[in-house]
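Trainee: I'd like to learn how to read a model like this one. Could you walk me through it, starting with the basics?

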Amino acid sequence: MRRTTAVVGAAAAAVTLLASTVAADAAPRGQRPPDRPLQARVVVTTPDRAELLHERAPVTFGRAASDAPTVVVDPTQRFQPMDGFGASITDSSADVLYRLSPAKREQAMRSLFDPRSGIGVSFLRQPIGSSDFTAADEHWTFDDVPAGETDFPLRHFSIARDERQVLPLLRRAKQLNPQLTVLATPWSPPAWMKTGDSLVGARLKDDPKVYDAYARYLVRFVQAYARAGVPVDYLTVQNEPQNRAPKEYPGTDLPVRQEEKVIEALGPMLRKASPRTKILAYDHNWSTHPDDVATTPPGEDPETDYPYQVLSSKAARWVAGTAYHCYSGDPSAQSALHDAFPHKGIWFTECSGSHGPTDTDEQIFRGTLTWHARNIIIGTTRNWARSAVNWNIALDERGGPHLGGCDTCTGLLTLMDDGSVRKDAEYYTIGHAAKFVRPGAVRIASTSFGTTGWNGQVMDVAFRNPDGTIALVAHNENDDPRTVAVRYGDRTFEYTLPGGALATFTWPDVLRSRWAQVPTPDATAAAVPAGNAPDVAAMAVDGDASTRWTTGAAQVPGQHLDVDLGRATRFDRVALDSGGNLGDQARGWSLATSRDGRTWRTVASGTSTAQLTEIAVPHNRSRWLRVSTTQAADAWWSVADVRLYRSTGHHR
């Protein structure tokens with residue numbers, strides 16, 4: 001691919017526009033030296049099942065730049081650590097797995113939990129008692145007594161029911177993957193603790209003795225599971241606390257004030273009894289579901305800001321973070337909460353694939369794969385989630401067994417009527433992450449052009465594993481093939497992803513970057529022409545390559561984008577990313593800088609054929625930037641992202 005050069009006044013020969021300008025030092029001892037060919041493994045799943053976690057030939061990084069939309073992977077920018085990816089061994093899942101012969105059950109468990117021969121599921125969310133997915137004839141908890149009776153001393157508490165099938169499977173899962181994380185969640189307190197004395201619906205009795213008993217009930221569960229060989233890492237106090245009208249399965253309307261009281265009682269007990277176990281709040285949708293708003297009791301607040309209220313309360317001192325589900329809203333809610341409470345974590349804990357009554361297996365697989373790829377695997381993790389968890393790990397061919405609740409849910413594995421086990425879409429979406437992103441990995445920066453709502457571009461997320469490997473999970477949202485470039489350090493490869501495909505690329509982190517991105521949190525922008533809306537220029541400085549400012553008209557000389565950094569800033573390089581719309585780069589351009597917003601100095605100019613244009617401007621200190629077009633072209637001019645970099649002083 002063609003490089004482009006910059007011209008700067010009298011210093012024309014000294015300033016060069018580099019399409020790929022990141023150099024590297026020698027690799028750490030024991031890792032691949034950077035002067036040897038660097039290759040990435042490539043694993044692909046396609047919506048037509050033609051490839052299922054299929055390992056293709058590796059792709060080699062080269063030094064040539066690319067004209068394609070370029071995913072810049074930057075290990076120096078780090079975000080949240082990862083606990084893992086997985087699902088739930090519900091009572092129904094356990095029943096399904098125990099219908100298999102011991103040999104086939106072991107094969108299924110290895111396919112799920114073994115990091116080498118399977119996908120290495122690393123996170124499980126376990127119901128405390130019954131959920132809608134139980135094989136039993138009636139719902140239950142671990143301390144049930146006859147109607148009208150109570151058991152405040154918890155004399156009847158027992159997890160014997162889980163010892164039949166669930167706990168043996170959990171112990172085997174931990175043997176296969178010792179790094180497995182377990183989160184536990186109740187669908188209901190015991191009925192004797194609730195108004196109406198029913199597991200289905202109603203509320204916890206507003207009585208200090210009940211709050212104390214419920215907290216002790218949860219602690220007893222954590223202790224019993226630990227003695228059974230399955231320590232609990234995280235605990236929520238109620239599944240979906242705003243689901244006020246569950247469909248014939250356990251559920252509890254737990255208003256914020258009651259969740260806070262439970263947490264206040266539970267926190268000190270849990271810290272003493274099981275210090276490893278952390279409390280997560282909420283455990284419900286990205287936004288309050290309209291049905292939950294509609295069922296709010298008259299005169300009460302629907303509490304659409306539920307997690308904000310909990311994290312603003314005194315109970316927050318006992319809370320590690322917030323758990324989310326997928327059934328209303330979108331993953332951006334996680335980032336909004338993180339921005340408000342940056343010292344509290346985010347976990348994504350439930351999303352089930354589902355389908356219409358007449359959907360074919362092909363439609364279900366394609367729809368689930370593509371929706372979960374962009375929303376759950378990539379969408380949640382790009383929005384601070386430390387886990388991405390589906391619902392049932394295994395179901396039968398009819399989506400059961402279940403008692404009330406969802407009758408169209410799907411699992412990672414499906415037990416077919418002929419006794420075979422089929423791996424379905426959720427197996428592969430979770431697999432593309434769990435198998436290659438290990439517990440303790442950290443999300444790192446990567447340019448992403450797709451959106452959770454679908455815009456037909458390539459969406460991705462990147463991680464650095466504890467062993468020093470990088471994993472890039474990418475999804476082509478379009479039904480047609482899409483080509484992207486991946487840039488790491490001063491190396492680049494191009495890859496064409498099949499329509500709708502989910503792919504994982506992995507390679508060793510062996511390069512030390514010569515450049516560090518300069519944060520510009522206060523940057524604002526204005527443009528001529530303004531674009532589609534007066535504030536659309538802000539999309540060029542929002543740090544999101546899936547949004548863009550665009551002229552909305554053909555390029556003519558004199559169009560320009562002005563960026564106010566908010567303060568005088570030192571930088572050595574400017575990157576202009578035109579995003580995923582191929583051909584939207586400025587054919588001819590000039591870059592000017594200013595310290596006062598009135599006097600401008602042209603520091604570089606040139607032409608470009610690439611979506612990513614990088615301009616070397618050594619030792620520049622300015623507050624304002626102005627990028628202008630200098631040539632005419634039929635294509636629009638778009639800027640999805642303006643990034644500044646400073647030299648780190650690292651050289652080969």
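Mentor: Sure. Helices (H or I, at least four residues) and strands (E, at least two) are DSSP runs, numbered from the N terminus. By that count, the protein has 11 helices and 29 strands. This is a predicted model, where local features need pLDDT of at least 70 and side-chain atom pairs count only at pLDDT 80 or more, while totals for chains, interfaces and linings use all residues. Residues are numbered from 1 along each chain as its sequence is written, and side-chain values use heavy atoms, with hydrogens and water left out.

Trainee: What does the radius of gyration say about the protein?

Mentor: Take it over C-alpha atoms and set it against the globule rule, 2.2 Å times the number of residues to the power 0.38. For 652 residues a compact globule would come out near 26 Å, and the protein's 27 Å agrees with that. The C-alpha trace spans about 90 × 55 × 50 Å along its principal axes.

Trainee: And how many of the 652 residues are buried?

Mentor: Buried means under 20% relative accessible area, exposed means over 50%, and partly exposed is in between (1.4 Å probe, protein chains only). Here, buried residues are 60% of the 652.

Trainee: Which residues touch the most other members in the largest nonpolar core?

Mentor: A nonpolar core is a set of buried Ala, Val, Leu, Ile, Met, Phe, Trp, Tyr and Cys residues joined through side-chain atoms within 4.5 Å. The largest has 106 residues, and F113 and F221 touch the most other members. Helix α5 (residues 208–227) gives this core its largest share, 12 residues. There's also a second, separate core of 28 residues, with A40, V42, F449 and A545 among them.

Trainee: What does F113 contact, beyond its neighbours within four places in sequence?

Mentor: Contact means heavy atoms within 4.5 Å. On that basis, the partners of F113 include I89, V121, L176 and I393.

Trainee: Now the backbone. Where are the cis peptide bonds?

Mentor: Most residues other than glycine have a negative phi, and most peptide bonds are trans. One cis bond joins G400 and P401, with omega about 0°; P401 sits in the loop between β12 (394–396) and β13 (413–415). Another runs from V528 to P529, omega again near 0°, and P529 is in the loop between β22 (524–528) and β23 (549–555).

Trainee: Which residues other than glycine have a positive phi?

Mentor: Among them are A202, near 70°, and W454, near 80°. A202 is in the loop between β6 (181–186) and α5, W454 in the one between β15 (442–446) and β16 (458–464).

Trainee: Buried or partly exposed, A202 and W454?

Mentor: A202 is partly exposed at 29% relative accessible area, and W454 is partly exposed at 44%.
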